[in-house]
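Here are some exercises to help you find your way around a new structure. Have a go at each task before you read its solution.

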Amino acid sequence: RPAIERAARRDVCGALGLAALGLLPLRADAAGEEYKDVATKVSSKLLTSSETAAESVDALADIKWGAPKVTGLSTEEMAKRIDAGLRREMWFVSGRSQPEFFSKSFSFSDPQVSLNGIEEYSRGVRSFYKQGAAVGEVVCTRATAPDTITVVWRNYGTVNIGPGFDLPPYLVTTTLKTGDGGLIVKQEDGFDQPDPAALAKYNLFKGQRQAPPPIEGVACPLA
């Protein structure tokens with residue numbers, strides 16, 4: 001299997017002339033947010049319309065951001081709870097995370113954006129993906145080191161760029177680092193960078209798309 005590249009989704013869609021496509025469509029005033037280049041800052045404003053921001057607030061209104069933290073779990077136990085939660089809510093797409101599993105010092109980073117806080121992360125992904133038209137499916141979750149949980153999942157569907165832009169099915173490897181009493185303190189995402197021409201064809205010739213195989217048939221690459 002090709003080595004996973006730490007590439008941002010903004011770079012992936014640049015071939016189609018879109019200003020940017022990134023994992024997080026963060027609000028310009030998000031606390032702890034750091035843009036790593038000017039294009040990313042501009043694209044952030046393009047990706048967060050007032051409509052998607054309002055939808056994010058309404059849809060996540062029942063999330064208890066200040067819930068007591070679940071500490072003292074082993075990495076294996078935390079991995080099982082993360083797997084169950086993602087299979088139920090898939091917060092990598094829906095934003096409906098479980099704050100009790102995340103440290104107050106939680107951080108996310110990719111090559112172009114870094115931020116602090118599970119609420120900012122959750123609202124960002126909720127706004128970025130077109131809910132009901134974007135899909136996240138868990139392939140497998142494992143405790144891969146004493147302080148590491150690895151999640152392999154499949155992502156595809158529509159994101160909120162302009163009138164809508166479709167991502168073809170691809171695998172994402174999410175690395176979650178634990179600490180602070182066993183809580184998740186850091187998240188990093190990696191994925192194989194798709195061919196720009198294939199990405200353009202996927203959006204221009206929608207009638208030629210093939211349905212992805214059932215997620216149950218996707219082999220887990222983790223030992």
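The exercises below go from the whole chain down to single residues, and the model they use is a predicted one.

**Exercise 1. The whole chain**

Task: Work out how many helices and strands the protein chain has, and what pattern they follow along the sequence.

Solution:
- Start with the count: the protein chain holds seven helices and seven strands.
- Then walk along the sequence, and you get α-β-α-α-α-α-β-β-α-β-β-β-β-α.
- Next, look at burial: the chain has 223 residues, and 52% of them count as buried.
- Now turn to contacts. Take those between residues at least 6 apart in sequence: 68% of them join residues at least 24 apart.
- Finish with the outside. The accessible surface comes to about 10,400 Å², and carbon and sulfur atoms account for 54% of that.

**Exercise 2. Two helices and their surroundings**

Task: Find out which residues of helix 6 and which residues of helix 7 are buried.

Solution:
- Go to helix 6, at residues 118-128. Its buried residues are Ile118, Glu120, Tyr121, Ser122, Arg123, Gly124, Val125, Arg126, Ser127 and Phe128.
- That makes 10 of the 11 residues, so helix 6 is largely enclosed by the rest of the structure.
- Move on to helix 7, which covers residues 196-204. Here Leu199, Ala200, Tyr202 and Asn203 are buried.
- Look down the axis of helix 7: the buried residues fall within an arc of 155°, so they line one face of the helix.
- Check the face turned away from that buried side, and you'll find the exposed residues Ala197 and Leu204.

**Exercise 3. Helix 4 and what covers it**

Task: Compare the span of helix 4 with its expected value, then find what covers its buried residues.

Solution:
- Helix 4 runs over residues 75-89, which is 15 residues.
- From its first C-alpha to its last it reaches 21 Å, close to the 21 Å expected at 1.5 Å a residue.
- Pick out the buried positions in helix 4: Thr75, Met78, Ala79, Ile82, Asp83, Gly85 and Leu86.
- Now see what lies over them: the cover includes helix 5 (91-94), strand 4, strand 5, strand 6 (165-179) and strand 7 (183-191).

**Exercise 4. A hairpin**

Task: Describe how strand 4 and strand 5 pair.

Solution:
- Locate the two strands: strand 4 is at residues 129-145, and strand 5 is at residues 148-159.
- Follow their direction: they pair in the antiparallel sense, over 11 bridges.
- Look at the link: two residues sit between strand 4 and strand 5, and the two strands form a hairpin.
- For one position to check by eye, take Gly136, which stands opposite Asn155 in strand 5.

**Exercise 5. Aromatic rings**

Task: Find how many aromatic pairs the whole structure has, and look at two of them.

Solution:
- A search of the whole structure turns up eight aromatic pairs.
- Take Trp91 and Phe102. Their ring centres are 6.1 Å apart with 80° between the planes, which is edge-to-face.
- Place them: Trp91 is in helix 5 and Phe102 is in strand 2 (residues 102-109), so this pair ties together parts that are 11 residues apart in sequence.
- Check burial, where the cut-off is under 20% relative accessible area. Trp91 has 1% relative accessibility, so it counts as buried. Phe102 is buried too, at 1%.
- Then take Tyr170 and Phe191, another edge-to-face pair, with 5.7 Å centre to centre and 70° between the planes.
- Tyr170 is in strand 6 and Phe191 in strand 7, 21 residues apart, and the pair links distant parts of the chain.
- Both count as buried: Tyr170 at 16% relative accessibility, and Phe191 at 2%.
- Last, trace the cluster that ring pairs build: Trp91, Phe92, Phe102, Phe106, Phe108, Tyr121 and Trp153.

**Exercise 6. Positive phi in two loops**

Task: Say where Met90 and Asp180 lie, and what phi each one takes.

Solution:
- Met90 lies in the loop between helix 4 and helix 5. Its phi is positive, about 45°, although Met90 is not a glycine.
- Met90 is also buried, with a relative accessible area of 8%.
- Asp180 lies in the loop between strand 6 and strand 7. Its phi is positive as well, at about 50°, although Asp180 is not a glycine.

Definitions and conventions
Residues are numbered from 1 along each chain as its sequence is written. This is a predicted model: local features need pLDDT of at least 70, side-chain atom pairs count only at pLDDT 80 or more; totals for chains, interfaces and linings use all residues. Side-chain values use heavy atoms; hydrogens and water are left out. Buried means under 20% relative accessible area, exposed over 50%, partly exposed in between (1.4 Å probe, protein chains only). Helices (H or I, at least four residues) and strands (E, at least two) are DSSP runs, numbered from the N terminus. The arc is that of the directions from the helix axis to the C-beta atoms. Contact means heavy atoms within 4.5 Å. Accessible areas come from the Shrake-Rupley method with a 1.4 Å probe; for residues, only the protein chains shown count as cover. Two strands pair if DSSP finds at least two bridges between them. The expected span of a helix is 1.5 Å times one less than its number of residues. Rings of Phe, Tyr and Trp (its six-membered ring) pair if their centres lie within 6.5 Å; planes under 30 degrees apart count as stacked, over 60 as edge-to-face and the rest as tilted.
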